[in-house]
Amino acid sequence: MTTHATAEQVRAAVSAVIDPELRRPLGELDMVRDVAVDGDLTRVGIALTIVGCPAADRIERDVRDAAASVPGIADVAVDVGVMTAAERSALVERIRGTKRMPFTADSLTRVIAVTSGKGGVGKSTVTANLAAALASRGLAVGLIDADVHGFSIPGLLGLVDEDGRPPQPTRLNDLMLPPVAHGVKTISIGMFLPPGASPAVAWRGPMLHRTVQQFLTDVHFGDLDVLLIDMPPGTGDVAISVGQLLPHAEVLVVTTPQAAAADVAVRSGVVARQTGQSVIGVIENMTAFMLPDGSVLDLFGQGGGEAVAAALSVGGLTVPLLGSVPLSAALRRGGDVGVPVVIGEPEDTAARAISAIADAIATTRRSLAGRSLPVSRS
């Protein structure tokens, strides 16, 4: 018995295809146009958001596969067009909604700023791996590289080409769609530097504040479970701006075991508290590792993480040491090639330590005190 497909069946199949950048079905985004069926042939029209859409080939392939999956369809023709300016503006307003700042105190997204007192303690490497580990657990994760002067997140996540340049986000009018790597939606100032420009960014406070503000308001992360922010080291302009924009954010403090690093790490936690943020834990990086002969090398000493946690546990508040990450060649290799060690070599000692920290973060919840909840009276 011959099966005859209908245009409605094909439309339903195609409408369920997910846009890889917006992470929503094409039907919900009004990207499906005319659908016609003639025997076992179907012709499907779709409208991309912009000319030169970087996901165009994938969308066309997925639409073709979806249409071909309908019983009775043997051949598929896809007509690709582009939204009009009015359609695109309507889509942007629908995606964005009424809130320019989605990460408010009553948002369901946990915002976690990862900070340190000084540079060179592996804060960005820890942040990138935490993001990848949380995403691998099925959480929707975003990552803002707020270390504007020393941005490194794109390289750590493999979001660079052969010349080391990150991709530029797709723009829908003034809305930006962040690139995705290892399940993590990521934005960094490195994505906006023009080709051939110096990778150095020399900006003062107002420009830094505006950049952080745009990352929070003009980048479409969608519905996130966790937004991580890789903070610059120290207590400068960006720390103050993030404190002003996100006073409800939680803070992780990264240090090494070395006393010199631990002493200044405490300051970043103190400044976070002064802006109203809560310090939820300390991560000790570059701890002792085992040599091939079985001996243990404490290259940076001992006790820094515990000292920071103790110093920040004041006024009845307890700040835990969430974990200690040993020095690891695999962790370094992962950063060099853009594959987080928690993904590339999950059995490595550093990977296991970071994964345990991710588990601890994933299983805790932000307090609901003082937040308005979406409950209606019947």
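Visitor: In which sense do strand β5 and β9 pair, parallel or antiparallel?
Guide: This is a predicted model. Strand β5 covers residues 141–145. Five bridges join β5 and β9. One bridge partner is T186 in β9, set against L143. The sense of the β5 and β9 pairing is parallel.

Visitor: Which strand pairs with β9 in the antiparallel sense?
Guide: Look at A181, which stands opposite V184 in β9. Two bridges make up this antiparallel pairing. The partner, residues 180–181, is strand β8.

Visitor: Which residue takes a positive phi in the hairpin of β8 and β9?
Guide: The hairpin has two residues between the strands. The phi in question is near 55°. The residue is H182.

Visitor: Why is strand β9 largely enclosed by the rest of the structure?
Guide: Buried means under 20% relative accessible area. V184, T186 and S188 point one way from β9, and all are buried. K185 and I187 point the other way and are buried too. β9 is largely enclosed because the count of its buried residues is five of the five.

Visitor: Which residues of the lining lie nearest the centre of the largest pocket?
Guide: The largest pocket has a volume of about 500 Å³. Its lining divides into nine nonpolar, seven polar and seven charged residues. In total, 23 residues line this pocket. Nearest its centre lie I95, P102, H220, G222 and D223.

Visitor: How many charged residues does the lining of the largest cavity have?
Guide: The structure holds one cavity of 30 Å³ or more. The volume of the largest cavity is about 100 Å³, and 14 residues line it, including M231 and Q277. Seven of the lining residues are nonpolar and seven are polar. The number of charged residues is therefore, with charged, polar and nonpolar as the classes, none.

Visitor: Which elements give two or more residues to the lining of the largest cavity?
Guide: Among the lining residues nearest the cavity centre are A239, S268 and A272. A239 falls within 237–245, the span of α7. S268 and A272 fall within 259–274, the span of α8. With β4 (110–116) added, the elements are β4, α7 and α8.

Visitor: Which residues touch the most other members of the largest nonpolar core?
Guide: This core has 79 residues. Take L246: leaving aside neighbours within four places in sequence, its contacts include M101, F103, V111 and I229. A second, separate core has 33 residues, V32 and L48 among them. In the largest core, the residues that touch the most other members are L130, I229 and L246.

Terms used:
Residues numbered from 1 in each chain as written. Predicted model: local features only at pLDDT ≥ 70, side-chain atom pairs only at ≥ 80, totals over all residues. Heavy atoms only, no water. 1 Å grid on protein atoms, 1.4 Å probe; cavity = no way out; pocket = protein on both sides within 12 Å on 5 of 7 lines; lining within 4 Å. Points joined across faces, edges and corners; volume = space filled by probe spheres on them. Buried < 20%, exposed > 50% of the residue type's maximum accessible area, 1.4 Å probe, protein only. Helix = DSSP H or I, 4+ residues; strand = E, 2+ residues; numbered from the N terminus. Pairing = 2+ DSSP bridges. Core = buried A, V, L, I, M, F, W, Y, C linked by side-chain atoms within 4.5 Å. Contact = heavy atoms within 4.5 Å.
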